Amino acid sequence: MLKVEGYTFDRAKREAVEAVQAALGEPAELTTALPPAEVDADLAIPCFPLAAQRRKSPPEIAGELARSVRPGPLLAGAQAAGGYLNFTLARPAFAAGVMADLIRGGDRYGTSEVGAGRTVVIDYSAPNVARQMSVGHLRSTIIGAALVNLHRHTGYRPVGDNHLGDWGTQFGTLLYAYAHWLDREAYERDPIAELLRLYVMFDEEARKDPALRERAREWSLKLERGDPEARTLWQEFVRHSLVEFQKTYDLLEVRFDHTLGESFYEDKMEEVISQARQNGVATTDGGAVIIRLDDAGITTPLILQRSDGATLYATRDLATAVYRIRTFRPAKILYVVGSDQRLHFRQLFEALKKLGHGDVEYVHVDFGLVRLPEGRMSTRRGRVVFLQEVLEEAIDRARALVDEKNPELPEAERREVARIVGVGAIKYADLSQNRVKNIVFDWDRMLALDGDSAPYLQYTYVRARGIIRKGGDVALDVPFDGRAAASAQEWALIKHLARFPDAVHEATRAYYPHVVANHLFQLAQLFHAFYQEIPVLQAEDNGLRWSRQQLVWGVATVMRTGLGLLGIRVPERMYSRFPVPGIGHGAKCRV
RNA sequence: GCGCCCGUAGCUCAGUGGAUAGAGCGUUGGCCUGCGGAGCCAAAGGCCGUGGGUUCAAGUCCCGCCGGGCGCGCCA
């Protein structure tokens, strides 16, 4: 059972289970469930598993339990409904408990100690040098960044590493193309664009003349052996790329603890290869050094060294893992990489076990591919959408909407809001759905600014903050008034806020950021429904008003914290408190 | 051919083995003298790909089939 100990919701669940166990007079394996909306109860215990041994029907057992249980302080009572024993929570006590959790926690609400300070290395983003990032790289970058935040929130020590693709045969093709076909003027104007042109051109030419591939291999070998000309050019490519990548990372506000590319492991591979050979894990096969994995059910061996002596992607990944284990002493290593590399990681993890590194937990946090309506993206064929271009389009669209709806905001703030909203929309579009599914790229879907989207959640925050600002300071030290948990809207909101720690925990446990995204979307819906019906600043009396203000403050806090975990920022305003009459299509007649 | 992943409303997606499967978009109809409508309320829309099995209980677990995606020794 999912459990985040100490928080009020977990305490209530435990009270229910313990009350039933006490009534039964013995410990029993019990699960809790949430009753459907139309049932008037807050927590349910299915009695079906108890029926078999006791030779009674589930409704009978539920009925007996309903009469005999003695509910704890967070529970108001129990009723039988079919085979379920339903509990009603003691609203004032439960609400006060949740608000106390929230006020005590603030931006740390939902944190837990499940990670127990253990280190988890998270490998994410990892774009290839000498090419622009495509929308395909968005997923790894954003999911990885969210996982870093989630792990920090649940008590781990996350170490983020950007494993740049800055080594390998691809540079052979690039060096060959550079030497023969470079347009120096274009290169000086926009080095990455020119390198991309060369990359595409090489592919076309090599199709006509396959011997070019051999020449490229020679160049990559030269690079690997330290040829000065190859080295100098390669370093230049990497430098240009890093400048380009940084622009995108700045826009996304994604940071890394380390950016150790594949080339960093250049001098660390020999040790891995020779050790694997010495202890018999690796064998030679047709001049190549391989690790057979048949005993692990993998018929394709991992190739450590090519027959011409060159190293491969897998070699570097092996050396990388060994380095990370020595340097960071992690309990886990997460690889946020597309599902097309599943086999590679299965091989890698098995090889690591064979090499004596089986005490670390390795996880391939895989995700589905981003495809275009016409098929798979291919940089070589020019069939690709660049990430930078998507981000800029998102900000432009958000800006148009801000200008339309909120023309009264100062120019600088409109620019800032457009950025927060546009970039947030892109991130949310990705993080709000299960990562394992493929995505067909669609501008309008990706840049949606209404419905289940980041702006909707950000707007929720802005509305909540609007109330708080207008009401002056929230009195967080006054006890929560149980009457502010009386309406259906308030009660639903409180129960939902109570479950946020579970959402954070589950998202981290399963490496599923969308669990948090979904939780926040529901929070937004519940808040808007509340907002529509329940007066806060115009509440009948001060006690009610203060407690509703606390509730609104709680919504704002969870929204900001939760979106923060997803790497999405919130603006303080999306509108001015003092609209300028007669400007904008959306102003209508409210003057 | 073999292996892995996916299949839920017209479209895009949620759905820890528990009660009558939920959202967003789109469609239709309502709600502005209140904390701003980037909002709210409601309607229509489902053989959860399909056939078996396990279970008190299956959209969820297992097997077969169909459809789609990805991968399968010197690319990354």
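**Sheets and helix packing in the predicted model**

In the β-hairpin region, Leu75 has Leu89 in β3 as its bridge partner. Helices (DSSP H or I, at least four residues) and strands (DSSP E, at least two) are runs numbered from the N terminus. This is a predicted model, in which local features need pLDDT of at least 70 and side-chain atom pairs count only at pLDDT 80 or more, while totals for chains, interfaces and linings use all residues. Residues are numbered from 1 along each chain as its sequence is written, chains are lettered from A and ligands numbered from 1 in the order in which they are written, and side-chain values use heavy atoms, with hydrogens and water left out.

Leu75 belongs to β2 (residues 75-81), which runs antiparallel to β3 (residues 84-89) and is joined to β3 by 6 bridges. Strands count as paired if DSSP finds at least two bridges between them. Further along the ladder, Gly77 sits opposite Thr88, and Ala81 faces Tyr84. The two strands make a hairpin with 2 residues between them, and Gly82 in that turn has a positive phi of about 65°.

The hairpin is part of an open, antiparallel sheet of 3 strands in the order β1-β3-β2. At its edges are β1 (43-46) and β2, each pairing on one side only. On average, neighbouring strands here are turned by 20° against each other, direction ignored. (Axes are lines fitted to C-alpha atoms, for helices over the stretch in contact, and angles run from 0 to 180 degrees between N-to-C directions.) Helix α1 (residues 8-24) packs on this sheet and touches β1, β2 and β3, with its direction at about 40° to that of β1; contact means heavy atoms within 4.5 Å. Helix α3 (residues 58-68) lies across β2 and β3 and runs at about 155° to β2. As for the other pairing, β1 and β3 run antiparallel and are joined by 4 bridges, with Ile45 opposite Leu85 of β3.

Another open sheet has 3 strands in the order β6-β7-β8, again with antiparallel pairing. Its edges are β6 (282-285) and β8 (302-305); each has a single partner strand, so one side of each lacks a neighbour in the sheet. The twist from one strand to the next averages 40°. Between β6 and β7 (residues 288-291), which run antiparallel, there are 4 bridges, and Thr283 stands opposite Ile290 of β7. Helix α12 (residues 313-328) packs on the sheet, touching β7 and β8, and its direction makes about 85° with that of β8.

Turning to helices, α10 (residues 228-252) has 25 residues and reaches 36 Å from first C-alpha to last, close to the expected 36 Å; the expected span is 1.5 Å times one less than the number of residues. The N-terminal end of α10 is capped by Asp227, with a side-chain oxygen 3.2 Å from the backbone nitrogen of Glu229. Just after α10 comes Glu253, with a positive phi near 55°.

Helices α6 (residues 170-181) and α8 (residues 191-208) pack at about 95°, with their axes 9 Å apart. They are therefore roughly perpendicular to each other (65 to 115 degrees counts as roughly perpendicular, under 35 as roughly parallel, over 145 as roughly antiparallel and the rest as oblique). On the α6 side the contact includes Leu174, Tyr178 and Trp181, and on the α8 side Leu195, Leu198 and Phe202 are among the residues met. By class, this contact has 10 nonpolar, 1 polar and 3 charged residues, where Ala, Val, Leu, Ile, Met, Phe, Trp, Tyr, Cys and Pro count as nonpolar, Asp, Glu, Lys and Arg as charged, and the others, Gly among them, as polar.

Helices α19 (residues 500-509) and α20 (residues 514-533) pack at about 155°, their axes 7 Å apart. That makes α19 and α20 roughly antiparallel to each other. Phe500, Ala503, Val504, Glu506 and Ala507 of α19 make the contact with Val515, Val516, His519 and Leu520 of α20. These residues divide into 7 nonpolar, 1 polar and 1 charged.

Note on methods. A polar contact is a pair of N or O atoms within 3.5 Å; within protein, one must be able to donate a hydrogen and the other to accept it, and residues adjacent in sequence count only if both atoms are side-chain atoms.
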